[in-house]
Amino acid sequence: ILFQATSSVLSYRRRGALELGHLKHVVPPVIVGATLGSVFGALLPDHVFRWIFGGVMFAFAGLLLRRPRPRDEAVRSEPNARYHRALTRWLILVPVGIYGGMVQAGMGYVVLGAMTVGLGFSLMEANILKVAVIGAYTPIAVGVFLAYGQLNVFAGLVLAVGQAIGAWFGARLALERGVSLVRGVLLAVIVLSGLQLLGFWRWLGV
């Protein structure tokens with residue numbers, strides 16, 4: 001995830017699409033939450049993780065089904081009043097960080113939901129800010145899970161190579177193809193993964 005986020009950030013920065021001014025407001029509360037959440041996550045039973053993750057994915061799928069707004073295509077957008085109130089911004093983003101540090105899987109969907117519905121960013125800009133936010137707290141989570149002996153470094157590095165390559169091309173496609181591509185891919189992955197995590201295929205005997 002760290003390699004993926006770094007690759008995406010570099011790609012967006014190269015194209016002038018990353019608004020650094022917003023990061024100083026959204027990153028600190030997420031880091032605080034992620035520090036707490038990563039400690040909880042190291043102690044989290046697998047079955048609890050699966051149900052939390054599956055529920056969050058379907059909740060975000062519902063948000064994606066709302067009618068698109070013309071501003072969702074915007075690489076630059078004006079967030080709403082909640083973003084400009086520091087206390088409200090922290091109340092929204094600290095729980096986001098807790099989830100990221102605790103579970104991480106599906107964190108992109110959680111960040112997108114908080115950024116679009118909670119803080120009023122366009123879907124496109126939220127998708128860009130998402131990778132920088134995740135990249136900022138991931139070293140903390142890595143350190144915590146490493147300390148608890150739950151990090152397989154070799155497997156992680158193998159995945160990292162593929163994710164870094166995918167993130168680089170994904171950033172290019174998102175900017176070139178627009179929000180319709182982002183929405184379509186997200187919705188398909190969320191629904192299929194959510195069904196898998198909640199045991200839907202097992203109930204069908206597949």
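**Exercise 1. Pro-29 and Gly-33**

Task: In this predicted model, find the helix that holds Pro-29, decide whether Pro-29 is buried or exposed, and treat Gly-33 in the way used for Pro-29.

Solution.
- Step 1. Pro-29 sits in helix H2.
- Step 2. The relative accessibility of Pro-29 is 0%, so this residue counts as buried, the cut-off being under 20%.
- Step 3. Along the chain, 57 residues separate Pro-29 from Ala-86, while their C-alpha atoms are 9.9 Å apart in space.
- Step 4. Gly-33 is found in helix H2, which covers residues 20–42.
- Step 5. With 0% relative accessibility, Gly-33 counts as buried.
- Step 6. Gly-33 and Trp-90 are 57 residues apart along the chain, and 9.5 Å lies between their C-alpha atoms.

**Exercise 2. The chain as a whole**

Task: State how many helices and strands the chain has, and what percentage of its residues is buried.

Solution.
- Step 1. The secondary structure consists of 10 helices and 0 strands.
- Step 2. Read in sequence order, this gives the pattern α-α-α-α-α-α-α-α-α-α.
- Step 3. The chain has 206 residues, and 44% of them are buried.

**Exercise 3. Helix H6 and what follows**

Task: Work out how many residues of H6 are buried, then look at Gly-113 and at the residue with positive phi just after H6.

Solution.
- Step 1. Helix H6 runs over residues 107–118.
- Step 2. Of its 12 residues, 11 are buried, so H6 is largely enclosed by the rest of the structure.
- Step 3. The buried set is made up of Met-107, Gly-108, Tyr-109, Val-110, Val-111, Leu-112, Gly-113, Ala-114, Met-115, Thr-116 and Gly-118.
- Step 4. Gly-113, which belongs to H6, has a relative accessibility of 10% and therefore counts as buried.
- Step 5. Gly-120, just after H6, adopts a positive phi of about 85°.

**Exercise 4. Asn-127**

Task: Place Asn-127 in a helix, and name the side chain with which its own side chain makes a polar contact.

Solution.
- Step 1. Asn-127 is in helix H7.
- Step 2. Its relative accessibility is 7%, so Asn-127 counts as buried.
- Step 3. The side chain of Asn-127 makes a polar contact with that of Tyr-12, at 3.5 Å.
- Step 4. Gly-113 lies 14 residues from Asn-127 in sequence, and the C-alpha to C-alpha distance is 10.0 Å.

**Exercise 5. The aromatic pair**

Task: Count the aromatic pairs, then state which parts of the chain the pair of Tyr-83 and Phe-121 ties together.

Solution.
- Step 1. The count is 1 aromatic pair.
- Step 2. Tyr-83 and Phe-121 form this pair, with ring centres 5.4 Å apart and 80° between the planes.
- Step 3. An angle over 60 degrees counts as edge-to-face, and the pair is edge-to-face.
- Step 4. Tyr-83 belongs to helix H4 (residues 81–84) and Phe-121 to the loop between H6 and H7, so the pair ties together parts 38 residues apart in sequence.
- Step 5. Both Tyr-83 and Phe-121 are buried.
- Step 6. Arg-89 lies over the face of Tyr-83, 5.5 Å from the ring centre.

**Exercise 6. The largest pocket**

Task: Give the volume of the largest pocket, name the element with the largest share of its lining, and sort the lining residues into nonpolar, polar and charged.

Solution.
- Step 1. The volume of the largest pocket is about 910 Å³.
- Step 2. The lining comprises 28 residues, and those closest to the pocket centre are Ile-1, Gln-104, Val-142, Leu-151 and Gly-156.
- Step 3. Two or more lining residues come from each of helices H1 (2–14), H3 (46–64), H5 (86–102), H7 (123–147) and H8 (153–177).
- Step 4. H8 provides the largest share, 7 residues.
- Step 5. By residue class, the lining of the largest pocket holds 18 nonpolar, 9 polar and 1 charged.

Terms used: Residues are numbered from 1 along each chain as its sequence is written. This is a predicted model: local features need pLDDT of at least 70, side-chain atom pairs count only at pLDDT 80 or more; totals for chains, interfaces and linings use all residues. Side-chain values use heavy atoms; hydrogens and water are left out. On a 1 Å grid over the protein atoms alone, a cavity is a set of points where a 1.4 Å probe fits but cannot get out, and a pocket is an open set with protein on both sides within 12 Å along at least five of seven lines; lining residues have an atom within 4 Å of a point. Grid points are joined across faces, edges and corners, and a volume is the space filled by probe spheres set on the points. Helices (H or I, at least four residues) and strands (E, at least two) are DSSP runs, numbered from the N terminus. Ala, Val, Leu, Ile, Met, Phe, Trp, Tyr, Cys and Pro count as nonpolar, Asp, Glu, Lys and Arg as charged, and the others, Gly among them, as polar. Buried means under 20% relative accessible area, exposed over 50%, partly exposed in between (1.4 Å probe, protein chains only). A polar contact is a pair of N or O atoms within 3.5 Å; within protein, one must be able to donate a hydrogen and the other to accept it, and residues adjacent in sequence count only if both atoms are side-chain atoms. Rings of Phe, Tyr and Trp (its six-membered ring) pair if their centres lie within 6.5 Å; planes under 30 degrees apart count as stacked, over 60 as edge-to-face and the rest as tilted. A charge sits over a ring if NZ of Lys or CZ of Arg is within 6 Å of the ring centre and within 35 degrees of the ring normal.
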